[in-house]
Every structure is written in C-alpha cells, then in structure tokens.
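Subject: Structure handover

Hi,

Here is the structure I promised to pass on. My notes on it follow below.

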Amino acid sequence: MLLFVRFLAVAVSLQSGVEVTTLDGQSFQAELKRITPESAEFLQSGDDPPRAVPLEQVMTLSRMATTDTAPDPANSILVMLTDGAEISGTEFTATATTSTISTKSLGALDINRLAVRAVLLKPVNEEWTGQWEAFLQRKVTKDMLIIEKSDGGGLDFLSGLVSAVNSDQIPFLLDGDEIPVPRDRVTGIVFASSDNKSPLNGSIRLSLTEGTELRVRSVTGDSETLNVVTSWGQTVSCPLSLTTGIDFSSSRVHFLSDLEPVAEEYFGLDPQGKEWSPLFDDDLNTRTGLSSLWRMSRDVFANSGRPPLTLRGKRYRKGLCIFPKARIQYALDGRYSSLKALVGVDDEVAFNQQRGQPSSAVELIMEADGREIYRALIQATATPTPIDLSLRDVSTLSILVDFGDGSSVCDYLDIVDARMVVRND
C-alpha cells in the first residue's frame, strides 16, 4: 500500500510539476495545486508549506514534464486566427459566419469566421513551405483556395469567395459562378483580409502538446484540469497533462520596442562645428533616405541587417537602438507603473575607440510629462547600466539621446529588454 501511495505521488508530481517565473524576475519549481482568479498555489518539496503567488505577479508557468505523444496523422489540420493563435485539429468546417474546429484536447471550438485568417487542410510538402508562407503574407481582398499545380511542381491559387467549407467539398464563387471544389484537392484556404475590428480579445498564451497555441482571456483550474475562456469567449476545459505552458506576460509587461512612438525628432548627425551631415541635408530631420542608417531601430542594430542588439557579448531580442541627436516620444496614458531596462553602447561599435584616447560617450535623458527622471553619460566601453524608473500617472515618456562628448563616434545607444509594468490598480 505504501509503495502504491509513493507511486501515486510521483505520478501527480510529473503531471503537475511546473517552473514558475514571476514579475520580479525570480523563478522556482513546484507542483501546481490550483489557479484561481486571484492567485496561483503550489505545493513545494519536503515540509515546506504551500506557496501562493498573486496571479498578477505570475509571468509564466512551464510544464516540467509533458505527455510524450507521437504525431497523429488525423490531427493534421492547422487553423490560424487573426490574433496569431494556431489551432491543431482533426476537422474544420465553416459557414459564412461560423467556423468549427474539432481538437483533441479542447473538443469542438466554434469561432467567428472573421477571426480565421487561414486554414491548412493537409500537410504541405516541405519543398513548398516557403510558397505557403508567401501566400499567408499577402493582403488580399478575395479568398484564395490554395491547390497543387497540375504538374506537381508546387502550389497555385484560385481567387474568389469561399461561401462554406464542408466535409467533402468547398462551395467557391469564381467569376460569378459557384463551383463545388472537391475538398481533397484543396491544400489550404487564405481568407480575405478584413478591415473590421477583430472579434478576438485574449492576452494570455496557452500552449498545448499537440502544437496548438491559443490566446485566452482567463485560466483557472487545479492539478488535473484547466478551465479556459478563449479569446472569442468560449469556455473550454483542458487536461493539464496536455499543456506545455501558460504565458501571462503580455498582460503584465509591455516591451517599449513594441509600442509605436507618437513622435520621432532628429537634430543632425554631428555636434555643431563638426558637421559632415550636409551630405544628407535632404532627409536630415527625418532620416528616411540616405541617412536611414541612423534612424531609431527596434529589436535590431541600426536598420542594417547586422547582428541583433548586443551588449558585452549577450544578444537581446527586444530593445531600441538610437543614434543622436534624437528625441523619441511615447504616449503611455498612465497605463504603466515602471520601466525596467539595461542601457549601453552596442558591441558593434563600442570598442572602435582610438588608441590612447578616452572612451567615447553618449548622453541619455528621459522625461516624464516634461519632467526629467533620468540622466546619464554612458561610456561606450562601460558595463551596461540597469535602470528602474517610476512611470506611475505618466502620460508621455520622452527619450533624448545626445552627443555626450562633443563627438558622434561610437554613439549607437541600446536600450535593451525595456519592459513597462502594466498597472493593476
């Protein structure tokens, strides 16, 4: 009996073991006990008492052990929604207003047809994957039926109107005539782009073992079953054993580089008296032409196709790269409580110093509604500097990058991993 109890305990641990990351950057491993609208509760090892973390402080939950399932040939349909979600399913049908996707872990999902961006009805030959991706990138005013070329040499398309998707055929309006296209001839469908407001609204990412990644509004549940409200408002249940992770981060923090600035101002490419910028007089204040290399870039270095943002050998996926003299403004509208980031001169130029001369420098000034909240002279070769600034009740954030030493040498300033904490009060 004791052996059976121990076996049961191990089985529960494997099913509910998670790695947790929190808003303050901490992480720990534990067994998930339950998720409520207010908190996530965990059982810890040994005699440690259960631990409860306010849900607003949880960034991610990642399963430490997931069900090992081989690819299921029947689970071969992939539905892509307009919010970036991807649903792996066994069947897909649609009317003019509603789409129905049958899934292994979530059952039948009924989704507004306008929320479906595309559907891949059968696997694509690996050699044709690029062609399928190219069709997805197109902004089209008519639906596209994606079919194989008659010579088997790739993918082609028909442009028209898909009135429905049935189990055996797809009624397709082509040049005024409705043609019942056999479903087995169709590789996929890319639906016409719509200017209507998306019916989807979900900020939490739920990842499943079958390859599905959903955007959902809320997640609750226990060590066995999660109860989920999807981005289109349907309530479904999912075994925890079929999930790989839950990502709350997009409702907790927003990356500065994902926000569109309300204004970008540029004031030359060199300090006064040392100007070589007349070469770019035509676009000096916009940096949209010849001088575009010096325009602010997001998530990459200097708009040039060079390596990602890099500080002291570490690459960063998110951030800004700003060359002086520039002022960038963002409308925050009081939505955030703080800004956390790391600042330094990008490795691409930081060590291009003249021998025997002091390190070059760039100046960074940040203002909140016109009030200065940060000022620093950033030495090019110095260790990157962390910043943690209050943004509470701030409507407009201004970032000014200036020449720090009377020279424009090595002045590509990176503001990396710049994340703003969303207010929850």
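**Cysteines first**

The structure holds 0 disulfides. Please keep in mind that this is a predicted model. Two cysteines deserve a line each. Cysteine 238 is buried, at 0% relative accessible area. Cysteine 321 is buried too, at 2%.

**Overall make-up**

The protein chain has 425 residues, and 44% of them count as buried. Its secondary structure comes to 3 helices and 34 strands. Take the contacts in the chain with a separation of 6 or more: residues 24 or more positions apart account for 62% of them.

**Two cores**

In soluble globular proteins, nonpolar side chains tend to be buried together. Here the largest nonpolar core has 51 residues. Which of its residues touch the most other members? They are Phe42, Val79, Leu81, Ile87, Phe92, Ile189 and Ile246. Strand E2 (residues 27-35) supplies the largest share of this core, with 4 residues. Apart from it lies another core, of 49 residues. Leu269, Ala326, Ala341 and Ala350 are among its members.

Phe92 is worth displaying with its surroundings. Leaving aside neighbours within four places in sequence, phenylalanine 92 is in contact with Ile77, Val79, Ser99, Thr100, Ile101, Val119, Leu121, Val165 and Arg183.

**Helix H2**

Helix H2 spans residues 129-137. Its buried residues are Trp132, Phe135 and Leu136. Seen down the axis of H2, these fall within an arc of 100°, so they line one face of the helix. What do the buried residues of H2 pack against? The partners are strands E6 (77-81), E11 (116-120), E12 (143-148), E13 (155-162) and E16 (186-190).

**Around strand E18**

Strand E18 covers residues 213-222. It pairs with E2 in the antiparallel sense over 2 bridges. Isoleucine 35 stands opposite glycine 221 of E18 there.

Strand E17 (residues 204-208) pairs with E18 as well, antiparallel, over 4 bridges. Arginine 205 has arginine 215 in E18 as its bridge partner. E17 and E18 form a hairpin with 4 residues between them. Glycine 211, in the turn, has a positive phi of about 100°.

Next comes strand E19 (residues 225-230), joined to E18 by 5 bridges and running antiparallel to it. Serine 218 has valine 229 in E19 as its bridge partner. The hairpin from E18 to E19 goes through 2 residues.

**The five-stranded sheet**

Strands of a sheet pair through backbone hydrogen bonds, either parallel or antiparallel. One open sheet of 5 strands has antiparallel pairing and the order E23-E28-E33-E30-E31. Which are its edge strands? They are E23 (263-266) and E31 (371-379), each pairing on one side only. The twist averages 15° from one strand to the next.

E23 is joined to E28 (residues 326-331) by 4 bridges, and the two run antiparallel. Glutamate 265 stands opposite arginine 327 in E28.

**Backbone points to check**

Most residues other than glycine have a negative phi, and most peptide bonds are trans. Three places depart from that.

- The peptide bond from proline 324 to lysine 325 is cis, with omega near -5°. Lysine 325 lies in the loop between strand E27 (319-322) and E28.
- Aspartate 299 has a positive phi, near 70°. It lies in the loop between strand E24 (297-298) and strand E25 (309-311). Its relative accessibility is 21%, so it counts as partly exposed.
- Aspartate 333 has a positive phi, near 55°. It is placed in the loop between E28 and strand E29 (336-345). It counts as exposed because its relative accessibility is 54%, where the cut-off is over 50%.

**One buried serine**

Serine 39 is in strand E3 (residues 39-43). Is serine 39 buried or exposed? Serine 39 is buried, because its relative accessible area is 13% and the limit is under 20%. Leaving aside neighbours within four places in sequence, serine 39 is in contact with Arg34, Val53, Pro54 and Leu55.

Best wishes

Notes: Residues are numbered from 1 along each chain as its sequence is written. This is a predicted model: local features need pLDDT of at least 70, side-chain atom pairs count only at pLDDT 80 or more; totals for chains, interfaces and linings use all residues. Side-chain values use heavy atoms; hydrogens and water are left out. A nonpolar core is a set of buried Ala, Val, Leu, Ile, Met, Phe, Trp, Tyr and Cys residues joined through side-chain atoms within 4.5 Å. Buried means under 20% relative accessible area, exposed over 50%, partly exposed in between (1.4 Å probe, protein chains only). Contact means heavy atoms within 4.5 Å. Two strands pair if DSSP finds at least two bridges between them. Axes are lines fitted to C-alpha atoms, for helices over the stretch in contact, and angles run from 0 to 180 degrees between N-to-C directions. A disulfide is a pair of cysteine sulfur atoms within 2.5 Å. The arc is that of the directions from the helix axis to the C-beta atoms.
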